[in-house]
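This report introduces a protein chain and its ligand to a reader who meets them for the first time. It proceeds from the surroundings of the ligand to the overall form, the sheets and some details of the backbone.

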Amino acid sequence: MKIREKLRIRFNRLTFGALNFVEGRIHGASINLFSDEFNQNPHAQFKALRETDPLHYSMAIRAWWATGFELVQEVLRDPRFGTDLRKFEKRAKKIRRRLDAQRLERFENPSMLGLDPPDHSRIRRLVTHGFMHRFIASLEPRIAQIVTHCLDRVGNQQEFDVIDVLAKPLPAIVIAEMMGLPESDHAQFQAWSEDLIAGSGGGDVAAAERAEHSSNALIDYFRSIIEQRRANPGDDLIGQLILAEEEGDTLNAQELYNTCLLLLVAGHETTTRLIGNGLYALLEAPDQFEHLKAHPELIPNAVEEMLRYEPPVIATQRFALEDMEFHGKQLKRGDAVIVSIAAGNRDPAANDQPDRFDITRAKVNQVSFGYGVHLCIGASLARLEAKVAFEHLLERFPDMTLTNQRPKWVANPFFRGFDHLRVVSGSTAA
Ligand code: HEM
């Protein structure tokens, strides 16, 4: 990263802090995305904003915050909001100026997450074939083997890091196998994916550089794999994407490797965070942990509650595609809206006693996989991986507790979780 870029980040943080302070004074509530207090516990700030002004314009980030459950759903399903940044000339020009050739190529050819209908609908339809619920469910025995193998590595250690041992490798191995990547490439593939996770936390400039390098390496890797596979696609996920066809329409080469990278990026860090955040919530509530051990059939419900209570993706964003009046506020074309999933999930209008972690909730209302046209494609897979992970963790380490050293939340405006989560257990993994 160039020195200019580093200075820009530092300058933004300083001005951000100052504006935030002023904003808090004026409105009685504001969110300081870059404060450690926010990273460690954003829920109090979200609650204050939701109660004072659920659709709030922040001078600090020059964007709107949407913090109510209904409001989050409304923004995500309203076609007057989109994600394709290329549509906003001024903003796009500014972005283009900052990008090197590779990043520019990615900006000009967004994955489906950065496209609006109808471009989005076309690609999504073709990709969804590979994520049929029935196909995902059939992966359960293999996921169980991978979890077993990961946990075997604990051996006789009484203290271990659940993120390193299980939460990080599991989604990378699962997606590598689903894509049919050669076994000999798995270690390299996993290393690249872990770099992507490490670099997404913001703050650490060296990690961000490594992430950039790994994401370029992954694109080159997918490009060559797809070229090799065209002649003989096979029946794995990459083969299905190559063969996916509807009414004569197929994915072109760029769309194919963009989609592969998206599936990896969208599915890896999020699932890692779900296992880490969920286990933390469970171990912080010993009564719930005991109840779950006595009733392991509640694990799928517990996973929903984990998703709601400490979502891996705390926010996403949309841009107003036109000038409009929305909930009594005037939005201008190009305005950004930070759609706060974490705040929506804890709206008392959607869930009773939202600040209580309760694995027995009759109905968990959450928007942790998003909502509307971009609703997560990998939700069934993530739920399945988490279910199997918790089944095995509870069975093999029933006396597990957190260590005395408190884990540190790592957050950026969009993701929140742990890089390390150390636990102690008297039971050995064998
Ligand atoms: C706990 C795990 C996961 C969480 C919390 C999560 C969350 C999300 C959210 C919030 C969105 C919507 C983003 C937006 O509207 O801006 C999304 C979209 C998406 N997710 Fe996931 N996700 C998870 C796992 C996965 C997995 C395992 C995969 C695939 C391997 C995946 C693939 C995708 C894709 C492709 C999209 C874009 C869909 C579109 O643009 O139509 N996700 N995810």
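Helices (H or I, at least four residues) and strands (E, at least two) are DSSP runs, numbered from the N terminus. The structure described with these names is a predicted model.

## The ligand and its surroundings

Three elements, namely α7, α15 (253–284) and β5, each supply at least two residues of the shell around the ligand. Among the elements, α15 gives the most to this shell, with seven residues. In total, 27 residues surround the ligand, and the closest are His 120, Thr 316, Arg 318, His 374 and Cys 376. Sorted by class, the shell holds 16 nonpolar, nine polar and two charged residues.

The ligand contains an iron atom, whose only protein donor is Cys 376, through its SG atom at 2.3 Å. Cys 376 is placed in the loop between α18 (341–345) and α19 (379–396).

Oxygen atoms of the ligand also have polar partners in the protein. The table lists three residues with a polar side-chain atom at a short distance from an oxygen atom of the ligand.

| Residue with the polar side-chain atom | Distance to an oxygen atom of the ligand |
|---|---|
| Arg 124 | 2.7 Å |
| Thr 316 | 2.5 Å |
| His 374 | 2.6 Å |

Two of these residues, Thr 316 and His 374, are also listed with the closest residues of the shell.

## Overall form

The protein chain has 19 helices and 12 strands. Along the principal axes, its C-alpha atoms fill a box of roughly 60 × 55 × 45 Å. For 430 residues, a compact globule would have a radius of gyration near 22 Å; the protein chain has 22 Å and therefore agrees with that expectation. Of the 430 residues, 52% count as buried.

## The five-stranded sheet

In what order do the strands of the five-stranded open sheet stand? The order is β1-β2-β8-β5-β3, and the pairing is mixed. The edge strands are β1 (55–58) and β3 (81–82), each of which pairs on one side only.

At one edge, β1 and β2 are antiparallel and share four bridges. Leu 55 has Ala 66 in β2 as its bridge partner. The two strands form a hairpin with four residues between them, and in this hairpin Arg 62 takes a positive phi near 50°.

Strand β2 (residues 63–66) is also joined to β8 (residues 336–340), in this case by three bridges and in the parallel sense. Here the bridge partner of Trp 65 is Ile 338 in β8. In a regular strand the side chains alternate between the two faces of the sheet. In β2, Ala 63 and Trp 65 point one way, whereas Trp 64 and Ala 66 point the other way, and all are buried.

At the other edge, two bridges join β3 to β5 (residues 315–320), and these strands run antiparallel. Phe 81 stands opposite Ala 320 in β5. Strand β5 thus appears in two settings: it belongs to this sheet, and it supplies at least two residues of the shell around the ligand.

## The three-stranded sheet

Another open sheet consists of three strands in the order β4-β12-β9, with antiparallel pairing. Its edge strands, β4 (159–161) and β9 (401–402), each pair on one side only. Two bridges connect β9 with β12 (residues 422–424) in the antiparallel sense, and Thr 401 stands opposite Val 424 in β12.

## Details of the backbone

The loops hold several notable backbone features. The peptide bond from Pro 117 to Pro 118 is cis, with omega near 5°. Pro 118 is found in the loop between α6 (101–108) and α7 (119–128).

His 327 has a positive phi of about 50° although it is not a glycine. This residue lies in the loop between β6 (324–326) and β7 (329–331). Is His 327 buried or exposed? Its relative accessible area is 47%, above the 20% limit for buried and below the 50% limit for exposed, so His 327 is partly exposed.

Gln 353, likewise not a glycine, has a positive phi near 40°. Gln 353 is found in the loop between α18 and α19, the loop that also holds Cys 376. With a relative accessible area of 57%, which is over 50%, Gln 353 is therefore exposed.

Terms used
Residues numbered from 1 in each chain as written. Predicted model: local features only at pLDDT ≥ 70, side-chain atom pairs only at ≥ 80, totals over all residues. Heavy atoms only, no water. Pairing = 2+ DSSP bridges. Donors = N, O, S within 2.8 Å, 3.2 Å for Na, K, Ca; no water. Buried < 20%, exposed > 50% of the residue type's maximum accessible area, 1.4 Å probe, protein only. Near = heavy atom within 4 Å. Polar contact = N/O pair within 3.5 Å; in protein donor to acceptor, adjacent residues only side chain to side chain. Nonpolar A, V, L, I, M, F, W, Y, C, P; charged D, E, K, R; others polar. Rg over C-alpha atoms; globule rule 2.2 N^0.38 Å.
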